[in-house]
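Here's a quick briefing to read alongside the coordinates. Have the viewer open and hop from topic to topic as you like.

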Amino acid sequence: MAIYETESRALALPVEVKAANADLRRLASSAQALRYATTFGGGVVLVTNLRQWALAEVDENGHLQIRATVEVAATEAALDAPSTLDLDRLWTQLKMLVADGLVERASQGSPKVLASLLAYHARNMRDAITAAGNPSDLLASLNEALSRGLHIELEDEHLTPTVVQTLVYGAFAAWLNVDKPQRFDWMQASYRLTVPVFAEILHAALRPTLLRKCDLTPHLKSVERVLRWTDRDRFTKDFDGDAIQYFYEPFLAEFDATLRSDLGVWYTPKEIADYQVARAHHHVTSDLGISDGLADESVYLLDPAAGTGTYLIAAIDFLCDLHKANGEPESVAAQRALDAMLTRFIGFEILPAAFIICHLHLARRLAQHGAALDETDRLRVYLTNSLTGWDPDSGPEGLTLFPELETELHDAAIAKQRDPVVVVLGNPPYHGFSSAESDEERAMLKPWVDELMPVWGLRKHRMNDLYVRFWRMSIHRILNLTERGIVSFITNRKWLGGRSYPSMRAAVVNGFHDVWVDDLHGDVHDRSHAGDQSIFTTNIATGIRVGTAIVTAVKRDHAVTSEATVMLADYRGAAADKRELLNQRRNAAMNTGYRPVTVSRASRYRLASDAGDDHPTLDEYFPLFFSGVQPTLEERVMAFEKQTIVDRFKDYFNPQLDWEALIRLHPALGAGARAQAVWSTLRQATVFDAKAVVPFLYRPFDVRYLYWETQPGLLHRHRREMQPYERNVTDQVWLVAPQTRRRAGAARPLASRAVAGYHSVDPDARAFPLYTFALRAADTTDEEGLPLDVEASTAATTCATEWAEAVARLLSVDEKSAGETVFFALVAITHSTDWLSSQAAEADEFPMVPLPADANDLRAAAEIGRRITDLMDMRRQVDGVTRGTIQQHLRSIAVADQVAGHQQLIHGRAGVTGGLRDGRDVMWDDQHGWRDVPDEVWGYNVGGFQVLSKWLSYRRETGLTVSDRREFPMLCRRIQAIIDSAPACDRLYASAINNPLAATNQTETSQVGDPETSVDPGETLDS
């Protein structure tokens, strides 16, 4: 129990409470009370047995001593008896006792608690700015300066939290530097900072207009109070160790989880940075012939994504240890490290909040080593965009409104264009947030992108991730500017073998002499090795969840005349074990435990044997797709029964019926304010068309009938361009998927023989036709070149030529059969539970799906996909599931209670959810339902919808017919049969991951070596 300050939420006074029979003095001398006082109370604790209250304080010997007491009752019995005491006087004494305990002091020192409290108040500030108006207007000057100077284009969702984080971290930084932390004043924050550019940005963010309009002053006062309540000495002791982690993921997770993900802010464990710095030193000495390595004054080191300074801290520590190992005194070693930080160890950071923490972190570490900064010292860590300004002809950016920022950019330009950087290393951003892509960035990446299609046969690529740009910039820095050196980055491992990155790998392999790959694996979705963790996982945070790798490329003084020598080591197991292996390698065995990798153009220069979860997307296999058909008023053009639509629209176009007669026959046609005007226009323009009555996929497994009129009026989006692929093709099959999914399970597409509705999957459907049609010379087209009715056929598939050819060659079949195989194999692989679990809930493109290169597995996948397609078609009977001898385990699924006639579905919300889950039953009212619906059947999701609940939701208002109650068990059986195929689909997906099919223009011979040869975390590197 504790007393908290209301506004700041700081723990002001811990309280130890026991029962009324407890002895107060024993309570005050207990270990629990002492722990409360020292950990949470700044040496003070309030103890009580509910009848006596005492304020106890830790003395100079570390023992609790009672300072003052208030007694309400002398005994436990007296507590319940009528009191003769002056209760008003006792209440006043108790309030004074508590007030004495609440005197402001440094009561807490936990970095975790401080980060949590600061995040809480940062969130309140963010909400206050958002509520006050348009953040772009409120923060216009600051946003303009960042945009002009740093090429940061921040949308409102990023602008506000970035500014708020800058305010909070600025206050925190100023508090660390004030002489009297318990007298800290937030208004003095910008004047307490020694880095001019950050002080100017903070000052601009604290302008009175913004504070007043957003009412930020109370929130900043709360931040001030939290800092005043913090024991700075105790805090910094932990903060200067590993506790800085709390200001990465935990702070941002509580403050703004979206910002954390989008800005790519992740803590890099110390062991990783220490290893990369040591490896860089190793190569500088052994490959560049500079005997003093990083200690040599000619060796410039750059971290282009400095963050809060982890790698530069590692460089400082390494340099100090190196000099001390050579016999130099600690003071001399510290001074040498300081000299390096002032002259040749350089950092770039684009985010102001991280930038100031980096300066603080470095200054504190140098002071710990005995080399405190003078007021005039300026560390070479710059607020700048690492990806621009490398062209010698490009000077500093134009006016940014902030003179200090212009000076900062000028100094950074000198570092980029003139300093002879030999080592580039770090942990660049992986994905998500991106600076505004400048002409310079586009020009730098252009050679890699331009050759993807003509050289490597790639229709699409995924080289927009930021770490790719950082590699491109670093290669330019070393190869073109310094002409020798080392690049060492830890990044997403996808580029090691991913199909999108051959030009990137070619640049590394053909530009450097040696490439050392520490493949750390650890992708959260990789199930090939049980217990394999991301190396970023710590006790504090889960860290980066994608697989990662450290790649170190070495360019010596002489020209490169052949592909690089590539050496690879695999790491599997627990995160702590992987970090320990890096420690072992750093300390004793830098180059042992690797195996050679033969790289060539034939192998697409792959540095790892797997594709790193970089596979073709649906639209690479089938480039042709359409958005789904979208009715305006569904009740007008759609019905459960085909004959209903036929009768309705025969009458609609019947010239013998006037409007009033038509509406009497078909009231649904009267829906909408312009219904009569549309009818009048259409009846003059066209006639009833029986082929326009089509099965319509309204929601997954929920097929209605639609009148597909392509003249304007009846449909909101008629998708006229899609219609020929339905009308002119026999037995068309569609693969239906959202392009920008936003829900778990939405990655799994739906196979349908019905025309897809726009909302048949969530949030909106894209439909890939399997078949195309052949036009003959005699066939006619309309004014837009779209074919009118032609002879229906399945002349060919829409499968991309390179994939159809690859499968035709593999299976010795014609290209039409090959295209069908690809289509149905995709259906099977996407029904692997392992595949589905590897997909992100939200994405802005179609899912990636590998297909197996093994001929037998590919055939098997296609066969399973055909069966799943039949099971998804409610109009097609399936032996053993819906007709014939039903499989034993399907017979008892979803048995309906026997009742007569139409029944009301009372549970759920129309169009959202339907039915009540009661144990293993699904109830349509309080007494009746379908019995024994397995959990996996009830929860089955496709296209982002929970199928059964969604299906029932559209019967919420209409009720359940006898046919509905019979159809529901059939639907459950179909889903169970699909689920039964999952183990086989999982096996086929594993086959595809281990040996993915390549298109004809991407065929390769992998020579990476044995993928199962890896470093066992249980072994030392010398064993």
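What follows is a run through the overall make-up, a few strands and a helix, some backbone oddities and the salt bridges.

Keep in mind that this is a predicted model. The protein chain has 1023 residues, and 57% of them count as buried. Its secondary structure adds up to 41 helices and 34 strands.

**Whole chain**

- Contacts with a separation of 6 or more are dominated by long-range ones: 76% of them join residues 24 or more positions apart.
- The chain's accessible surface is about 41,000 Å², and carbon and sulfur atoms own 48% of that.

**Strand 11 and its partners**

- Strand 11 covers residues 514-521, and eight of its eight residues are buried.
- Side chains in a regular strand alternate between the two faces of the sheet.
- In strand 11, Asp514, Trp516, Asp518 and Leu520 point one way, while Val515, Val517, Asp519 and His521 point the other way. Both sets are buried.
- On the antiparallel side of things, strand 11 pairs with strand 12 (residues 548-555) over seven bridges. Look for Asp514 opposite Val554 of strand 12.
- Strand 13 (residues 565-570) runs parallel to strand 11, and six bridges join the two. Here Asp519 sits opposite Asp570.

**A four-stranded open sheet**

- The strand order is 15-24-21-22, the pairing is antiparallel, and the sheet is open.
- Strand 15 (626-627) and strand 22 (750-752) are the edge strands; each has a single partner, so one side of each has no neighbour in the sheet.
- Strand 21 (residues 734-738) and strand 22 run antiparallel and are joined by three bridges. Leu735 faces Ala751 of strand 22 in this pairing.

**Helix 40**

- Helix 40 takes in the 19 residues 962-980. At 1.5 Å a residue it should span 27 Å, and its end C-alpha atoms are 28 Å apart, which agrees.
- The buried residues of helix 40 include Phe968, Leu971, Ile975 and Ile978. Charged residues are on the buried list too, among them Asp964, Arg965, Arg973 and Arg974.

**Backbone oddities**

- Most residues other than glycine have a negative phi, and most peptide bonds are trans.
- The peptide bond from Asp762 to Pro763 is cis, with omega near 5°. Pro763 is in the loop between strand 23 (755-756) and strand 24 (765-769).
- Arg719 isn't a glycine, yet its phi is positive at about 50°. You'll find Arg719 in the loop between strand 20 (715-717) and helix 32 (724-727).
- Ser812 also has a positive phi, near 55°. Ser812 belongs to the loop between helix 33 (801-811) and helix 34 (815-829).
- Which of these two is buried or exposed? Arg719 is buried, because its relative accessible area of 15% is under the 20% cut-off. Ser812 is exposed, because its 66% is over the 50% cut-off.

**Salt bridges**

- The whole structure has 42 salt bridges.
- Arg499 and Glu620 meet through their side chains at 2.9 Å, N to O. This pair links distant parts of the chain, 121 residues apart: Arg499 is in the loop between helix 24 (494-497) and helix 25 (502-511), and Glu620 is in helix 27 (residues 618-621).
- Arg499 is buried at 6% relative accessibility, and Glu620 is buried at 2%.
- Asp870 and Arg753 form a salt bridge, again 2.9 Å from N to O. They are 117 residues apart, with Asp870 in helix 36 (residues 855-872) and Arg753 in the loop between strand 22 and strand 23.
- Asp870 is partly exposed at 22%, whereas Arg753 counts as buried at 15%.
- Arg753 and Asp870 also belong to a salt-bridge network with Asp873, Arg875 and Arg876.
- In the Arg920 and Asp932 salt bridge, the closest N and O atoms are 2.7 Å apart. Arg920 lies in the loop between strand 30 (916-918) and strand 31 (921-923) and Asp932 in the loop between strand 32 (929-931) and helix 38 (935-938), so the bridge ties together parts 12 residues apart in sequence.
- Arg920 is partly exposed at 42%, and Asp932 is partly exposed at 24%.

Conventions
Residues numbered from 1 in each chain as written. Predicted model: local features only at pLDDT ≥ 70, side-chain atom pairs only at ≥ 80, totals over all residues. Heavy atoms only, no water. Expected span 1.5 Å × (residues − 1). Buried < 20%, exposed > 50% of the residue type's maximum accessible area, 1.4 Å probe, protein only. Pairing = 2+ DSSP bridges. Contact = heavy atoms within 4.5 Å. Areas by Shrake-Rupley, 256 points an atom, 1.4 Å probe, with all protein chains shown as cover. Salt bridge = Lys/Arg side-chain N within 4 Å of Asp/Glu carboxyl O.
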